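Trainee: I would like to learn how to read a protein model step by step. Could you take me through this one?

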Amino acid sequence: MRQPLLAALLSLWLFPVTSLAQQWGYTYRTFDEPSSEQTEMRGLNEFAEIVGEGYTDFRAAPFLLQSSGYTAVDPFPDNPEASQDFQLWGVNKKRQMVGNFAWAVGVFHESQTGKTVYLEHPQHGQALAFGLIAFGNTDVLVAGELWNGERPVAYAHKIISKEWIIVAPKGSAGARAYGVSGHNGIRLSGVYWTENEDFYYGFRYDHKKKKITKIAPPGAIWTFAHGMNDLGHVTGFYAAEDGYRGFLWDGSQYYPVNVPGASTTAPNDVNNSGQVVGTFYTSDGNGGSVAKGFLATPNPKPKSGSSAGQ
C-alpha cells in the first residue's frame, strides 16, 4: 500500500509557517505523551477521548487518552511487537477503534471486548482504515482506502451488514477517505490525487446525492481533507505559498486551525461539538522537529461589531 500522507508529514516537519496569529476561534490544549519522544493524535469521539501514538526511536505506542489519563491500546495481544508498527486513526462513542498495521492492513478493534478484525474487501482484499462511527443500533461504519485492481479508491464499509460503498472521483489517480458521517445519509471526507501525486485535493462525498464537493481553502496549492462530523464540517490542512496551515470547513466558509507557535499544524478529526484534534510540529533546535498532539476547543463567537483576527 502507498502512504502519501506519511511522506507529506515528513516534509511538513522541515517547512516552517511564516505567519501564525492567535485567533479568537479556538482555545488550544497541547499534549506530550510522557513516556515517548514524540506524540501524534489522530481521532476523537463525542466525549473528547483521543487516540494516537507515542513514538520512541520510530516505535509506536498506541494509546487512548481520557480524562483519567493515557491507556495503552494493544490490538495484537498475541504479538506485542506488532503494536510498535500500528497507527490508531479513529475512535467512536462506543470506544471502538480503527487503525493500520504497517500501512498495509486495516484493523477494527473493540477496546472493551479486545476483539480485533482485519478489514478485507471480498474481491479486492486488504483495506486501510482511517475513520469510523457507530451506525444505527448495532452496526459500525468505517472509512478508508483499498486497491480496486486499477487504483486506490475511497470506501465506506458497514462492519456488521458487510456492505461496501466505493468512491472514485472522476479523473483521479487515487482516493482515500478519512472521515465518515451517517447523519442524513452516508457522507465521506478525504483526499484524491492526480497522476504522479502532483496535486492533492480535498473532497466531501454525499452518497444519497452521489455528489462530490471539492474542498480547497483560498490560496491552497494542495489540500488534505481529514475528519468530518455529523454536521458535515471537515477539518484538515493545506499547503500555501508561505507554508502549511490547518483549517475547518463548515460547508461554506474556511476557518483557520493553527496552534500558536507551531511550525506546522495538521488537524485530523472533528467531533460534533466542533473540537478539533491533531498533531503540531515545533523545532527541536537542531534542524529537525518535534511532534506533539493538540485539542482545539471552539470559543464563543465574538459579538457583532467586534474584531476577529486570523
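Mentor: We will go from confidence to overall make-up, then to sheets, and finally to single residues.

Trainee: What should I know about the model before I look at any detail?

Mentor: This is a predicted model, in which local features need pLDDT of at least 70 and side-chain atom pairs count only at pLDDT 80 or more, while totals for chains, interfaces and linings use all residues. Residues are numbered from 1 along each chain as its sequence is written, and side-chain values use heavy atoms, with hydrogens and water left out.

Trainee: What is the mean pLDDT of the protein chain, and over which residues does pLDDT stay under 50?

Mentor: The term pLDDT is the predictor's confidence in each residue, from 0 to 100. Where it is low, the predicted coordinates should not be read in detail. In this protein chain the mean is 89, and 89% of the residues reach 70 or more. Values stay under 50 over residues 1–23, a stretch for which the model has 70 contacts beyond four places in sequence, a contact being heavy atoms within 4.5 Å. Residues 305–310 also have pLDDT below 50, and this stretch has 10 contacts in the model beyond near neighbours in sequence.

Trainee: How many helices and strands does the protein chain have, and how much of it counts as buried?

Mentor: Helices (H or I, at least four residues) and strands (E, at least two) are DSSP runs, numbered from the N terminus. Here the secondary structure comes to one helix and 25 strands. A residue is buried under 20% relative accessible area, exposed over 50%, and partly exposed in between, using a 1.4 Å probe and protein chains only; of the 310 residues, 53% count as buried. As for contacts with a separation of 6 or more, 46% of them in the protein chain are between residues 24 or more positions apart.

Trainee: How do I read a sheet, and in what order do the strands of the sheet with strand 25 lie?

Mentor: Strands of a sheet pair through backbone hydrogen bonds, either parallel or antiparallel. Two strands are taken as paired if DSSP finds at least two bridges between them. One open sheet of four strands here has the order 1-25-24-23, with antiparallel pairing. Strand 1 and strand 23 (264–270) stand at its edges with a single partner strand each, so one side of each is left without a neighbour in the sheet. On average, neighbouring strands of this sheet are turned by 30° against each other, direction ignored, where axes are lines fitted to C-alpha atoms, for helices over the stretch in contact, and angles run from 0 to 180 degrees between N-to-C directions.

Trainee: Which bridges and turns hold the details of that sheet?

Mentor: Strand 1 pairs with strand 25 (residues 289–298) over six bridges, and Tyr26 has Pro298 as its bridge partner in strand 25. Strand 24 and strand 25 pair over eight bridges, and five residues lie between them in a hairpin where Gly285 takes a positive phi near 85°. Strand 23 is joined to strand 24 by six bridges, with Thr264 partnered by Tyr281; this hairpin also has five residues between its strands, and Gly274 in the turn has a positive phi of about 85°. Strand 24 (residues 276–283) is mostly covered, six of its eight residues being buried.

Trainee: What is the strand order in the sheet that contains strand 6?

Mentor: That open sheet of four strands has the order 6-7-8-9, again with antiparallel pairing. Strand 6 (86–91) and strand 9 (116–118) stand at the edges, each with a single partner strand, so one side of each is left without a neighbour in the sheet. Within the sheet, six bridges join strand 7 (residues 96–101) to strand 8 (residues 105–110), and Gln96 has Glu110 as its bridge partner.

Trainee: Turning to single residues, is Ser36 buried or exposed?

Mentor: Ser36 counts as buried because its relative accessibility is 13%. Ser36 is found in the loop between strand 1 (26–31) and strand 2 (38–44), and its side chain is joined to that of Glu33 by a polar contact of 2.6 Å. A polar contact is a pair of N or O atoms within 3.5 Å; within protein, one must be able to donate a hydrogen and the other to accept it, and residues adjacent in sequence count only if both atoms are side-chain atoms. Leaving aside neighbours within four places in sequence, Ser36 is in contact with Gly54, Tyr55 and Thr56.

Trainee: Is Lys162 buried or exposed?

Mentor: Lys162 is exposed, with a relative accessible area of 59%, and its phi is near 70°, a positive value in a residue other than glycine.
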